[in-house]
Amino acid sequence: MTEARVPILMYHAVAERPSGATRALSVTPEAFDEQLAVIADRGLTPLTTAALADRWRTGRPLPARPVLITFDDGYEGVHRHALPALARHGFPATLFVSTGWIQGAYDTGGALDTMLDWPQVRQLADAGVEIGGHSHSHPQLDQLDDPALRAELTRCRDIVAGELGALPVSFAYPYGYSSRRVRTAVRENGFAQALAVGNALARRAQGPYALRRVTVRRATDAEQFARLLDGRAVGRAFARDRALTKGYAVVRGTRRLRRRAVGALA
């Protein structure tokens, strides 16, 4: 039997006039609504991140043509625009929040655009949106030392649990960056699964802590979106992204080794 390949869609801001920092990774409310209509018309079955991972973990069969709708960071438009569209279709989704970017008592002031507040996050959760973790201050986790890494994960987990009354079980790596050390720390903090980016379809063989997603951008047109859902030409569509990611991985690895060398001499 051919292994199931599942499109996990990665969204960020849903806004008519996003900030310059979020514009490329945003979609308009109209485009988002049209994309949900395509999902419905094609007979796909949206799942939360926790539901997909649980089925793969237990061996339970997947529904026909599964798809995941995920949002990173916690932009206000997810409540204003995405939630009504999801409700019209009866679709679940997953929101990964950077707790230090959400408006309220824990706000660090580092957000890139207008963010949700905690009452809105609770309303999303009450409407069936799974709330996952996305770190506290949205750093590149694989560049942190062990104490800072643990602090980012633990603070995020504990804030979400305190605000929602339940521990988050899903996580998404900021910028998609992880390492074996980061994945181990995510698991040790109680997260049962985690999403990367990778711009490829998710497969069970990737493991529960490295499931891949495909990026939906402002420039993603209707034809491109349909190809993402079908898994057609995904490699070609994101070839430039993958080349840049591989190149940057070398740079980031060099930086990490340099910091370790400096630390050893200090």
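Helix α3 passes α4 in a left-handed crossing. The model is a predicted one, and in it α3 spans residues 77-89 while α4 covers residues 118-126. Their axes sit 10 Å apart and the packing angle comes out at about 20 degrees, which means that α3 runs roughly parallel to α4. On the α3 side, the contact is made by V78, H79 and L83; on the α4 side, Q120, Q123 and L124 do the job. Sorted by character, the residues of this contact split into three nonpolar and three polar, with no charged ones.

Charged side chains do turn up elsewhere, with eleven salt bridges in the structure. One of them joins R122 to E163, with N and O 2.5 Å apart. This pair ties together distant parts of the chain, as R122 belongs to helix α4 and E163 to helix α5 (residues 146-164), 41 residues apart. R122 itself is partly exposed, at 31% relative accessibility.

Another salt bridge pairs E76 with R80, and here the closest N and O atoms are 3.2 Å apart. The two partners have rather unlike surroundings: E76 counts as buried, at 14% relative accessibility, whereas R80 is exposed, with a relative accessible area of 52%.

D54 and R60 also meet through their side chains, in a salt bridge of 3.1 Å from N to O. D54 is partly exposed, with a relative accessible area of 30%, and R60 is likewise partly exposed, at 43%. Finally, salt bridges link R42, R65 and D230 into a network.

Methods. Residues numbered from 1 in each chain as written. Predicted model: local features only at pLDDT ≥ 70, side-chain atom pairs only at ≥ 80, totals over all residues. Heavy atoms only, no water. Axes fitted to C-alpha atoms, helices over the stretch in contact; angles between N-to-C directions. Helix = DSSP H or I, 4+ residues; strand = E, 2+ residues; numbered from the N terminus. Parallel < 35°, antiparallel > 145°, perpendicular 65-115°, else oblique. Left-handed = near helix turned anticlockwise from the far one by under 90°. Contact = heavy atoms within 4.5 Å. Nonpolar A, V, L, I, M, F, W, Y, C, P; charged D, E, K, R; others polar. Salt bridge = Lys/Arg side-chain N within 4 Å of Asp/Glu carboxyl O. Buried < 20%, exposed > 50% of the residue type's maximum accessible area, 1.4 Å probe, protein only.
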